[in-house]
Amino acid sequence: MDNNNNRGGGRPPAPPARNPLIAFLVVSLGITILLNLLISALTNPKKEEISYTQFMAMLENDELSQVEIADGQISMTKKSSSAAKPSSTSAPQAGVNMFDFAEKQTKDRTIYYTGYIDDPELLPKLREHGVEFTRPVPYKMNPILEFLLTWILPVLIMVGLLWLLTRSMTKRMGGSGGMMGFGKSNAKVYVQTKTGVTFADVAGQEEAKESLDEIVDFLHHPKKYTDIGAKQPKGALLVGPPGTGKTLLAKAVAGEANVPFFSISGSEFVEMFVGMGASRVRDLFKQASEKAPCIIFIDEIDAIGKSRDNQFSTNDEREQTLNQLLSEMDGFDSTKAVVILAATNRPEVLDKALLRPGRFDRRIIVEKPDLKGREDILKVHAKNVKMSGDVDLHEIALATSGAVGADLANMINEAALRAVRMGRMQVIQGDLMEAVEVVIAGKEKKDRILSEKEKRIVAFHEVGHALAAALQKNTQPVQKITIVPRTKGSLGYTMQMPEEEHYLMSKDEIVAEITVLVAGRAAEELIFDTQTTGASNDIERATQMARNMISMYGMSDEFGMTALESIESRYLDGRSVANCSEETKTRLDNAVMKLISGCFDKAKTLLTENENRLRKISEFLIEKETITGDEFMNIFREDEETQDADKNTDE
Ligand code: ADP
Ligand code: MG
Ligand code: ZN
């Protein structure tokens, strides 16, 4: 990890960033003190404190030549014993005297001082003994100058010192550290020589693997490519929803190519200090180029790669980091066999500069897995878990439409945990089905006791969904109905499962599904003449579907094939933004309402015609709390005969 710190020749490795700072301060302080002492010793005469009585005695003995009376202090110099009254007019004569004079001066230079005492006899006495006495005029400095000296100068000196310090530190760090080299000491860049992951561990991403195969080959035989003059793409961008295996794929590329894997997450770049992210990028590329061939992986690159022309939020640090990244990618020797992979689930926010040829020009889409993909992923993860013979992963894959690799891995683990809880040695199909529900709906919440009335309402609501599904064409068969509350908030649910995966949805299918969604509320109204909060999730989903149908799929007579909305971040929540006028939006809202209320009427009609079945199945559900799709269909069909019989007799 720290393989880079040993650059300064014999310098001990990893000099802690703060020690030189302290040493520098101590040394400079010491020098200052020494200098001060020296200067004062050279320029200032010796000083000696005496008592006032001694001073008086000296005065009486005519020993003093000069007296200076300041506030609170009297200082004096003695007459030299040899010279007569020295006065300012007596100039040095010549030759020897000159020397003599100098010598006397040094002798006499001791200054005696004592505290000032308010003595009325002092002045007369001084006059009497003919001592020259003064009182210094208090020195007044120019206020501006004084301010400059006392406030500005020290600050300037400090700043200058710091600047010098930083410069020397930066030099010492080989030019890679920012302020005091923090960027260096904290860099979380790391080499993972063996990722231990290969393409075999990544299932259901065949297209992505195919695109990455070329990169693996390049890392194995770079010469093959350079000989012919082909430039390998420098970077590839893995794009897809969270949990689809982007990070896993990047590791697998390193594993397949058997090269070091440098990885860093985009969010790690964005730190407090400006300049740090940029210095990390520099470090990362420096370390990587020493280890070539290798892979640099930047996870969640959108954290730094956000488009720079966003006027509302500017982030200098992020921009600096991004610029550094861009210039490092450009400066990279393309024959060096360093491949840069990055992952994101928000490709639309990335800066265009990142995506241009020579940078992340390859885009590898890592989609949510399809049926076969899900089954393969389940198989990969099931390998490490003891499974009983009855396990049918195909069925689990069918039940998990829309789940990503991370969900599926989680399901297998939940199933294994449940098997342990149940004291089994193997995972059975029941564990897996329960795990699917745990991941989708949350754990069963056995301690939440519904009142008898609530339980009845929930049961009729759910059977309402199930019946609407069974009574219409173009719907998925019911797999399970339960009124056991779940931790994610549902009080009961109806699980439908497709017989096969399909990728297209027809208008009829969407309308049928909306009808199934609103049928829960329809049952509440029909049987209890009430409306409950339990339908909120149904309503939300129904509205979304109806809206998409009209605004994006062009399935309405009123608007035809006009795109009224578009999806903003399709790999995340898939939120849509309107791109039509306010007036059209109002009409869109009205159309959505009309569509949903039409579906609601249809659901209510269906249930009214089948009230018998609704009551029968609901009572059965209340008793059992959970029924399977088969049990449901048995009662449904049983009743079919009697109903058909009724109809026959009516006619
Ligand atoms: P992403 O980076 O796309 O958000 P990850 O690569 O971190 O997703 O995937 C998280 C986990 O999910 C992986 O460690 C792996 O266990 C599992 N996983 C995801 N996709 C797959 C896949 N295609 N095949 C096998 N396991 C997968
Ligand atoms: Mg990831
Ligand atoms: Zn419902």
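In the predicted model, Glu 525 is buried, with a relative accessible area of 17%. The side chain of Glu 525 is paired with Lys 604 in a salt bridge whose closest N and O atoms are 2.9 Å apart. This contact links distant parts of the chain, since Glu 525 belongs to helix α20 and Lys 604 to helix α22, with their positions 79 residues apart in numbering. Lys 604, at 25% relative accessibility, counts as partly exposed. A separate network, joined by salt bridges that share partners, comprises Glu 434, Glu 437, Lys 480 and Arg 486.

In total, 25 salt bridges are counted. One of them is formed by Glu 619 and Arg 456, at an N to O distance of 2.8 Å. Here too distant parts of the chain are linked: Glu 619 is located in helix α23 and Arg 456 in helix α19, 163 residues apart. Both partners count as partly exposed, with relative accessibilities of 36% for Glu 619 and 27% for Arg 456.

A salt bridge within a single helix is provided by Asp 376 and Lys 372, both in α15 and four residues apart, about one turn of the helix. The closest N and O atoms of this pair are separated by 3.0 Å. The two partners fall into separate accessibility classes: Asp 376 counts as buried because its relative accessibility is 18%, under the 20% limit, whereas Lys 372, at 56%, counts as exposed.

The largest nonpolar core contains 46 residues, among which Leu 467, Ile 514 and Phe 632 touch the most other members. Two or more residues are contributed by each of α19 (452-471), β12 (478-482), α20 (507-528), α21 (536-551), α22 (582-609), α23 (611-624) and α24 (629-650). The greatest contribution to this core is that of α20, with nine residues.

On the surface, a nonpolar patch of about 990 Å² is made by Ile 144, Leu 145, Phe 147, Leu 148, Leu 149, Trp 151, Ile 152, Leu 153, Leu 156 and Ile 157. Of these residues, Leu 156 is placed in helix α5 (residues 143-172) and is exposed, with a relative accessible area of 54%.

A surface patch of negative charge is also present, in which Glu 207, Glu 210, Asp 213 and Asp 370 gather. Asp 370 is situated in the loop between β11 (362-365) and α15 (371-382). With a relative accessibility of 32%, Asp 370 counts as partly exposed.

How values were computed. Residues numbered from 1 in each chain as written. Chains lettered and ligands numbered in written order. Predicted model: local features only at pLDDT ≥ 70, side-chain atom pairs only at ≥ 80, totals over all residues. Heavy atoms only, no water. Patch = residues over 30% accessible without salt bridge, like charges linked within 9 Å, V, L, I, M, F, W, Y side chains within 5 Å. Areas by Shrake-Rupley, 256 points an atom, 1.4 Å probe, with all protein chains shown as cover. Salt bridge = Lys/Arg side-chain N within 4 Å of Asp/Glu carboxyl O. Lys, Arg positive; Asp, Glu negative; His and termini not counted. Charge placed at Lys NZ, Arg CZ, Asp CG, Glu CD. Buried < 20%, exposed > 50% of the residue type's maximum accessible area, 1.4 Å probe, protein only. Core = buried A, V, L, I, M, F, W, Y, C linked by side-chain atoms within 4.5 Å.
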